[in-house]
Amino acid sequence: MLGAGSTSMAVLGLPPTSGQGWVAPQLSSSQPAGALLHLVSGGQVLASYRAPKNFREVVFSSNRIQHGQTYEVYLGGSLTGTTIGGMATTGGSIGGATRLMTVTAGQYRGGLIGWPPGGPGWPPPTTPPPTTPPPTTPPPTTPPPTTPSPSPTTPPPSPPSPPTPPPGVGGCTATYSILGQWQGGFQGDVRVTAGSSPISGWRVTWTFANGQTISQSWNATISASGSAVTATNVSFNGSLGAGASATFGFIGTWNGSNTAPTLTCTAI
């Protein structure tokens with residue numbers, strides 16, 4: 001079995017380390033349609049793949065692959081064997097090809113592998129981000145008033161009023177990212193960043209424009225009313241020092257289009 005696609009096409013779950021062996025080389029850059037890739041062991045070509053369209057990641061599983069063993073990946077060379085879906089297990093040659101990398105069977109470096117969400121290892125474990133304690137601001141000081149010696153005709157001047165400290169610039173901002181998208185579903189991520197003053201909590205709101213819905217979330221409490229969504233911090237990521245950030249994520253559904261919404265962040 002061979003599958004090819006864009007970066008981190010295999011996500012959400014735990015990599016299988018038993019059963020039939022597999023490798024999942026992730027290339028450093030996207031390769032064009034027509035590129036020829038070979039998987040090699042001890043100088044022998046185990047499989048060749050001529051891509052029908054652009055790709056950057058390949059997953060190959062075979063009874064010829066053993067977990068824990070290393071395999072070499074080459075780009076270029078030639079292929080004379082019969083292909084099925086672009087793959088051939090005979091006729092591949094690495095003469096003139098470029099060695100790209102070595103991969104270990106049963107290991108995946110592009111993220112977690114497997115589907116669907118909700119299985120073992122989902123949601124991904126979360127570690128409370130470190131928080132910066134709020135800076136200690138010394139109280140404003142008022143210089144003692146200079147009082148001239150009173151005279152019978154001149155009353156002593158009134159002491160000056162203490163200065164008013166400038167107000168702090170609080171608040172927060174939020175940015176929205178789509179980390180992965182598949183037919184009918186996607187994984188969203190939101191980063192909340194405090195302003196130039198610490199905050200003790202935050203709330204992020206937005207409105208989906210294309211009927212998207214949220215089915216799972218982590219690191220925030222999310223509620224929705226129609227297309228309007230409200231996300232508030234949980235216990236460990238509400239307090240943020242000046243300029244510090246926290247993130248939360250979710251799994252959503254979409255149909256037709258998946259436009260990123262405009263977010264509003266409020267410090268609470």
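Tutor: Rings of Phe, Tyr and Trp pair if their centres lie within 6.5 Å, with the six-membered ring standing for Trp. This is a predicted model, and by that rule the count comes to seven aromatic pairs.

Student: What makes W206 and F208 an aromatic pair, and which kind is it?

Tutor: A pair of aromatic rings is described by the distance of the centres and the angle of the planes. For W206 and F208 the centres are 5.9 Å apart, and the cut-off is 6.5 Å. The planes stand at 80°. Over 60 degrees counts as edge-to-face, so W206 and F208 form an edge-to-face pair.

Student: Why is W206 called buried?

Tutor: Its relative accessible area is 3%. Buried means under 20%, so W206 qualifies.

Student: How do you know whether F208 is buried or exposed?

Tutor: The test is the same cut-off of 20%. F208 has 4% relative accessibility, so F208 counts as buried.

Student: Why is the pair of W206 and F250 called stacked?

Tutor: The planes of W206 and F250 are 25° apart. Under 30 degrees counts as stacked, so the label fits. The centres lie 6.0 Å apart, within the limit of 6.5 Å.

Student: What makes this pair a link between distant parts of the chain?

Tutor: W206 sits in strand 14 (residues 202-207) and F250 in strand 18. They are 44 residues apart. Both W206 and F250 are buried.

Student: Which residues do ring pairs link into a cluster?

Tutor: Y176, F186, W206, F208 and F250.

Student: Where does strand 18 stand in its sheet?

Tutor: The sheet is open, has four strands and runs in the order 12-13-18-15, with antiparallel pairing.

Student: Why do strand 12 and strand 15 count as edges?

Tutor: Strand 12 (172-182) and strand 15 (213-218) each have a single partner strand, so one side of each is left without a neighbour in the sheet. Neighbouring strands here are turned by 25° against each other on average, direction ignored.

Student: How do you know that strand 15 pairs with strand 18?

Tutor: Five bridges join strand 15 to strand 18 (residues 245-253). At least two are needed, so the two strands pair. They run antiparallel. S217 stands opposite F250 in strand 18.

Student: How many helices and strands does the protein have?

Tutor: Zero helices and 19 strands. Of the 268 residues, 33% count as buried.

Student: What share of the contacts with a separation of 6 or more comes from residues 24 or more positions apart?

Tutor: 73%.

Technical notes
Residues numbered from 1 in each chain as written. Predicted model: local features only at pLDDT ≥ 70, side-chain atom pairs only at ≥ 80, totals over all residues. Heavy atoms only, no water. Axes fitted to C-alpha atoms, helices over the stretch in contact; angles between N-to-C directions. Buried < 20%, exposed > 50% of the residue type's maximum accessible area, 1.4 Å probe, protein only. Contact = heavy atoms within 4.5 Å.
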